[in-house]
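User: Could you pick one part of this fold and take me through it closely, strand pairing first, then whatever packs around it? Keep it chatty, but stick to what the model shows.

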Amino acid sequence: MKQLFILIALAMTLGAYAQTSSSAPAQSSKEKEKAEKKAERDEKREERHAKYIKYIDSLVMLGKFNFTPENFQLQPAGMTHTLHNPSFGVDFYPTYINVVLPIFVGITPPYGMGVMNFSTRERPGYMAVQTSDGWEITFDASRYVDNAKEFKLTIYSVSGQATLYITDQYDTSTMYSGYIKEI
């Protein structure tokens, strides 16, 4: 009787071991498939990301793109104003720049609101410098507006986000946040 009990226990143990060892390769092959699919998705994501960075860089290098602001704010701590007018923006072309932006008017508070609207005949003081994050573009518009204004556009190649700072001769600075796109 003891021998029969030992044989049954041994058979059950061997059966359980055989069942575990046969399902282990099936599970590991499924895990391998999942890991391969994940690696493939990661690779495609990286390719899309690299392609977008090249796209943003090519827009800036060609010098033909549009900065579209979504909001603007008087610096350092003014109220943020959301923009809903699709005609606001700065168009960069290889030979000129077109600017249509809302601005704060006045030297001291309370500031009024106005629209800065001008086109340059050339790109005065235009300089595009590639940085570790993307691009920094500067130009001067003192010949085209009432008071000297310096423009500094920072473009982040990873996201397409851009921030434009306009500083006038009175050191009043306005920040515009938005994005760039192809014209």
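Analyst: Let's start with S8 and strand S9 (residues 161-168), which pair in the antiparallel sense over seven bridges. Keep in mind that this is a predicted model. Within that pairing, Leu153 sits opposite Leu164 of S9. The hairpin that S8 and S9 make has four residues between the strands, and Gly160 there takes a positive phi near 80°. As background, most residues other than glycine have a negative phi.

Now the other side of the pairing story. S8 also pairs with strand S7 (residues 134-140), again in the antiparallel sense and over seven bridges. One bridge to look for there links Gly134 to Tyr156 of S8.

Follow S8 from its start, and you meet Lys149, part of the strand that spans residues 149-156. It's an interesting one: Lys149 is buried yet has no salt bridge. The nearest side chain of opposite charge belongs to Asp168, 4.2 Å away, and since a salt bridge needs the nitrogen and carboxyl oxygen within 4 Å, that pair doesn't count. Beyond its neighbours within four places in sequence, Lys149 is in contact with Met116, Phe139, Asp140, Ala141, Ser142, Ile166, Thr167 and Asp168.

Towards the other end, have a look at Ile155. The largest nonpolar core has 32 residues, and Ile155 is listed with Phe65 and Phe92 as having the most contacts inside it. Strand S4 (residues 97-105) gives the most to this core, with six residues. Leaving out residues up to four places away in sequence, Ile155 touches Ile56, Val60, Phe65, Asp133, Gly134, Trp135, Ile137, Gln161, Ala162 and Ile180.

Asp133 in that list deserves its own moment. You'll find Asp133 in the loop between strand S6 (127-130) and S7. Asp133 counts as partly exposed because its relative accessible area is 47%. Asp133 and Tyr156 are 23 residues apart in sequence, but their C-alpha atoms are 5.5 Å apart in space. With residues up to four places away in sequence left out, Asp133 touches Ile155, Tyr156, Ser157 and Val158.

For contrast with unpaired Lys149, swing over to helix H1, where some charges do find partners. In general, side chains of opposite charge can pair when their charged atoms come close. The model's count comes to four salt bridges. One of them joins the side chains of Lys38 and Asp42 at 3.0 Å, N to O; both residues lie in helix H1 (residues 2-62), four residues apart, about one turn of the helix. Arg45 forms a salt bridge with Asp42 too, with the closest N and O atoms 2.8 Å apart. Arg45 and Asp42 are three residues apart in H1, again about one turn. Salt bridges that share partners join Lys38, Asp42 and Arg45 into one network.

How open is that network? Lys38 is partly exposed, with a relative accessible area of 45%, Asp42 is partly exposed at 27%, and Arg45 is partly exposed at 44%. Also in H1, Glu40 and Lys44 sit four residues apart, and their side chains meet in a salt bridge at 3.8 Å, N to O.

One last stop: a cis peptide bond joins Gln75 and Pro76, with omega about 10°. Pro76 lies in the loop between strand S1 (65-74) and strand S2 (80-82).

Definitions and conventions. Residues numbered from 1 in each chain as written. Predicted model: local features only at pLDDT ≥ 70, side-chain atom pairs only at ≥ 80, totals over all residues. Heavy atoms only, no water. Helix = DSSP H or I, 4+ residues; strand = E, 2+ residues; numbered from the N terminus. Buried < 20%, exposed > 50% of the residue type's maximum accessible area, 1.4 Å probe, protein only. Lys, Arg positive; Asp, Glu negative; His and termini not counted. Contact = heavy atoms within 4.5 Å. Pairing = 2+ DSSP bridges. Core = buried A, V, L, I, M, F, W, Y, C linked by side-chain atoms within 4.5 Å.
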